[in-house]
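Q: Please take a close look at one part of this structure, the place where its domains meet. A connected account of that part would be welcome.

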Amino acid sequence: MSELAVAFDLASKLSARRAALASPLIWKMKRLLNIGSEKKLKEAIKIVNGFADEVIKERRKMGLSNRHDLLSRFMSTVNDHTYLRDIVISFLLAGRDTVASGLTTFFYLIANNPEVENKIRNEIMQEMKDQQEVPTLDQLKRMDYLHAAIYESLRLYPPVQFDSKFALEDDVLPDGTFINKGTRVTYHPYAMGRIEEIWGRDCIEFKPERWMKKGKFTPESPFKYPVFQGGLRVCLGKEMALMEMKSVAASLIRRFKIDVSDKSCRLKFVPGLTATLNEGLGVQVHKISSCLGL
């Protein structure tokens, strides 16, 4: 692994572990004294920040005119270097591990629900040509059941299991709860996906059909399904992430059957900003014969 990847993973893990301590005074004291985990975190952040600084420096050398990527757009309107550096790190944090996490749990659920896997494979075979390895964008858009299966997987195993917002001003939630300025409000997509009052008695079941109406994928309110957040803070990379997941899933499921080595295993997540499985997910991959099935 590269120095950046190691530093990024370490910074993410140590930041998340702060929340597991009995009191924030513990990590704040360590940070003040520059010892233990806080010393390691400081060193890891320095490496990550250095990478982000280099990205911004190189982009300035290339020039910003006629460039339409997100970073160039930010750089053409913002002069605050620290802000731009945080934007680069946010891009890394939002896109690096979330898709991998989502695909891991998706294939775990597919392996344990062969009837869903067969429906996805049939849909893929109807859309893709015999010798085609990678689906086109138009083909992916027509794969409604695969889209529903991915949404259902993310409902049960969201890559970001909980998140927080801070109130800039006094406010009132839709249920009438008053929120003081500066209050931290935390919501938990992982728990919300398992609440019977929200999703019904079958909330624990992996059931892509709950997203299908008249053969078409039909989304729910983002405030009922906050996997990609909602409102003004909706995830900028939502559509790209979904297309990445659908593209990988369609390419693999069409040609391979992926079985979990231990189907009785319970998923265990390590502390982190994204839902990373402890020791990964062991699988067995079987190539599918075009004539004889498996």
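A: In this predicted model, the rule finds 0 residue pairs in polar contact across the interface of domain 1 and domain 2, counting pairs with both residues at pLDDT 80 or more. The largest share of the side of domain 1 that touches domain 2 comes from helix α1 (residues 3–18), which supplies 7 residues. The count of salt bridges between domain 1 and domain 2 is likewise 0.

The two parts are set by the domain assignment of the protein chain, which places domain 1 at 1–79 and domain 2 at 92–287. Their C-alpha centres lie 26 Å apart. Where the domains meet, 9 residues of domain 1 are in contact with 7 residues of domain 2.

The extent of this meeting can also be expressed as an area. The size of an interface is often given as the accessible area lost when the parts come together. For domain 1 and domain 2 the buried area is about 780 Å², and carbon and sulfur atoms give 73% of it. On the side of domain 1, the residues that lose the most area to domain 2 are F8, S12 and A16, which together account for 50% of what that side buries. An α-helix has 3.6 residues a turn, so residues three or four places apart point the same way.

In summary, the interface of domain 1 and domain 2 buries about 780 Å², with 0 salt bridges and with 0 residue pairs in polar contact at pLDDT 80 or more.

Methods: Residues numbered from 1 in each chain as written. Predicted model: local features only at pLDDT ≥ 70, side-chain atom pairs only at ≥ 80, totals over all residues. Heavy atoms only, no water. Domains from an automatic or database assignment. Contact = heavy atoms within 4.5 Å. Buried area = accessible area lost by both parts, 1.4 Å probe. Salt bridge = Lys/Arg side-chain N within 4 Å of Asp/Glu carboxyl O. Polar contact = N/O pair within 3.5 Å; in protein donor to acceptor, adjacent residues only side chain to side chain. Helix = DSSP H or I, 4+ residues; strand = E, 2+ residues; numbered from the N terminus.
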